Amino acid sequence: MTPRAEARPGVRVCRMTGDTQRNLLRTLRYDVPASLVVFLIAVPLSLGIAMASGAPLAAGLIAAVVGGIVAGALGGSAIQVSGPAAGLSLVVADLVQTYGWRATCMITLLAGAVQLLLGLLRAARAALAVSPAVIHGMLAGVGVVIALSQLHIVLGGSPQRSALANIMELPSQVAAMHGHTVAVGLLTIAVLALWTRLPKQVKAVPAPLAALLVAAVTAWVFRWDVTRVDLSGSFGELAFPVLPNGDWHQVVGAVLLVALLAGVESLLCSVAVDGMHAGPRADLDQELTGQGAANMVTGALGGLPVAGVIVRSTANAQAGAQTRSSAILHGVWVLVFALGFGWTIQLIPMEALAALLVFIGVQMVNLGHVRKVHGHGEVPVYIITMGAVILLGLAEGVLAGLALAALLALRRLTWVTVRVREMPDGRWHASICGSLTFLGVPRLTHELRTIPTGAAVDLDLNIDFMDNAAFETIHSWRLGHERQGGTVDIDELHDEWYALAASGARMNPVKSPPPTPDRWWLPWAHRRRRTSWQPQDEPEPGPRVPAECQLTAGAREFHRRTAPLVRPILTELAHRQQPTHLFITCADSRVVPSLITASGPGDLFTVRNIGNLVPRKGAEPHDDSVVAAIEYATQVLGVHTITVCGHSGCGAMAGLLSGGVKAGSLPGMRRWLRHGHHSLARFIETADGPLDSRALDQLCRVNVQQQLENLRTYRKVDEQVREGRLELVGLYFDIGSARVHMVPPLPGTVSVRI
């Protein structure tokens, strides 16, 4: 082995050692402190969720350990923290009452296997198709149920089996409430509510931990009669899981319910956590795989189901966690605490844990979520899901929310807007927007029948889909309206659904993409405008009305679509114009100043003539039209720039090149083109070699330069240019390539800024 070859492994080892040192330093600096913060939050929450689930309290700690270590190590999110989730407590409580604790552990294990399989099949993205309104409504419903059930424990009683029963039993519980238990509960809630208002140094201790410590110490000092947490026998109950006894259809349904709810909650949490840090984005399939492995382990060890938890994940991000080491270490700390200091848990009053759950349950009804779903019109989904979870159960509530969300989505996809109104000119304008299906036929028929018999109608179809029922409705109405002496002018602003159906062509059943929003710039010949579409096997409904002038039709289109949009601007400009540019260009129909300059009403003071010529001062034949516009623009309006814009293929320049031959029969044209002789002379002086096919466009550019020089023959213009109050700009519009080029001034002239 050569010395060079021996050196390579050494370099690699040094590099690996350096990376390891940097990772270790980052873990010690950021992840260890963050893991301690999450650990202090996780312990009381895990105990409370276990209590709400009707499971042994140690099951919550086991789930916290497994969620931190297993899901943290195998998951796809950098800083998400997993553990027992309050959103699953109702499912677990129902499973415990139905099948027993050991069978519930087996259901958790099987649910983890389902999650693991879905992750390996890369199906995680499909879970994000669930409406957030359903998730938020489910969590809110779970929060209400938890708060109602645990409130009975705070009052010294026992929770009932259903939320409705808890509500009905609440007055008697309030009447018979016990003093010490209520005092502990109120003290716990007060600490939780006031903790966020304390100084930052005090708030370093998590509020749940502080509330339980205050409640435990106060109850011990004053010797209150409260129920202490009892861990005796908890670990003895944690044996191997057993198969549930009962209908296998229900067992499979329970497995799928736990797998899907825990998986969706974890994936949505991952997406939310991604917005809290600048590290790598979550791999959702890997995250689902990690959650599945964690649930298999926690089920085997006798723990609660595991899911990504937003409260702990948010705390982890805010504490500065950088890698998954924080989540893993938090699980290690929970394990150390459970094995070495688990006896301290027995000092906590059960009523304090119940009060903590009441506070958490109320917080799960998040007004921020309500505002978000309200902005998207999904409040009914939120309310129905929450109400069904409270009154019927978690699975029933989720199914009800999903069904309503699907119905609302279908309604939006097939929603149609129909507007009919009479225009000032006596014509009627009807617009139909959206997806036109049989569901919209009743409303469509009602609106079209409001149009008087014999009226002239402009019908705009801005639709992305039309089924046969909708086509038959519109087509039958049009034929009937025209038979009675009316006219129907149909303009399809999107795809030609009506035209294709009327011609008997095969329809594409797929919705078309959104159209280009702007149509005003299209030439009339390129717009899909139709006055009628008549199938070949149908007779003419009556005498055909001659096509009207395109300008009149364009004015009506302006009144319908553009006028309402620009009216506020034009109202403001009605009393005074303040343009900043004088724009001199050719009268060629292909040059549209507002289009090539992206300007609007009030921006350009425009002069158009043949060849965009500016007669020199004192030139013959005498013409004052252009100079009048120049004087008004510079001395009255106070424009900042004068722009001369030429274009390719200019007919006036072609006439100059031909020596007036092409304008032989146009005496007015021959006289006007004399103002371009200076441009022609300048072009001949600068021409390099014989004239070729590029001569015309070269003359068009030289002509722009010459007209800029002609502007300087006017004393007021020249003075303002020299004083810097006016700029002269040359533009050249290449029609074929649709590009606007800047044209520099002629050599030897005073340079102006272009």
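**Fold, backbone exceptions and a buried helix residue**

Colleague: How many helices and strands does the chain have?
Modeller: The model is a predicted one. Its chain has 12 strands. The helices number 29.

Colleague: What percentage of the residues in the chain are buried?
Modeller: A residue is called buried when its relative accessible area is under 20%. The chain has 754 residues. Of these, the buried share is 47%.

Colleague: Which share of the exposed area do carbon and sulfur atoms supply?
Modeller: The area that the chain exposes is about 37,700 Å². Carbon and sulfur atoms together supply a portion of that area equal to 62%.

Colleague: Among contacts between residues at least 6 apart in sequence, what percentage join residues at least 24 apart?
Modeller: A contact requires heavy atoms within 4.5 Å. Taking the contacts in the chain between residues at least 6 apart in sequence, those that join residues at least 24 apart make up 76%.

Colleague: Where is Pro-621 found, and from which residue does its cis peptide bond come?
Modeller: Pro-621 sits in the loop that runs between strand E9 (604–609) and helix H24 (625–637). The peptide bond leading to Pro-621 has omega near 0° and is cis. The residue from which this bond comes is Glu-620.

Colleague: Is Arg-122 buried or exposed?
Modeller: Arg-122 is placed in the loop between helix H4 (101–120) and helix H5 (124–127). Its phi is positive, about 60°, although the residue is not a glycine. The cut-off for exposed is a relative accessible area over 50%. Because the relative accessible area of Arg-122 is 59%, the residue is exposed.

Colleague: Is Arg-223 buried or exposed?
Modeller: Arg-223 belongs to the loop between helix H9 (207–221) and helix H10 (234–237). Here too the residue is other than glycine and has a positive phi, near 50°. Since its relative accessible area is 73%, Arg-223 is classed as exposed.

Colleague: Is Val-273 buried or exposed?
Modeller: Val-273 is part of helix H11, which covers residues 248–274. The relative accessible area of Val-273 is 0%, so the residue is buried.

Colleague: Which residues does Val-273 touch, and how far apart in space are Val-273 and Ile-310?
Modeller: Leaving aside residues up to four places away in sequence, Val-273 touches Ser-77, Ile-79, Gln-80, Ile-310 and Ser-313. Val-273 and Ile-310 are 37 residues apart in sequence. From C-alpha to C-alpha, their separation in space is 7.7 Å.

Methods
Residues numbered from 1 in each chain as written. Predicted model: local features only at pLDDT ≥ 70, side-chain atom pairs only at ≥ 80, totals over all residues. Heavy atoms only, no water. Helix = DSSP H or I, 4+ residues; strand = E, 2+ residues; numbered from the N terminus. Buried < 20%, exposed > 50% of the residue type's maximum accessible area, 1.4 Å probe, protein only. Areas by Shrake-Rupley, 256 points an atom, 1.4 Å probe, with all protein chains shown as cover.
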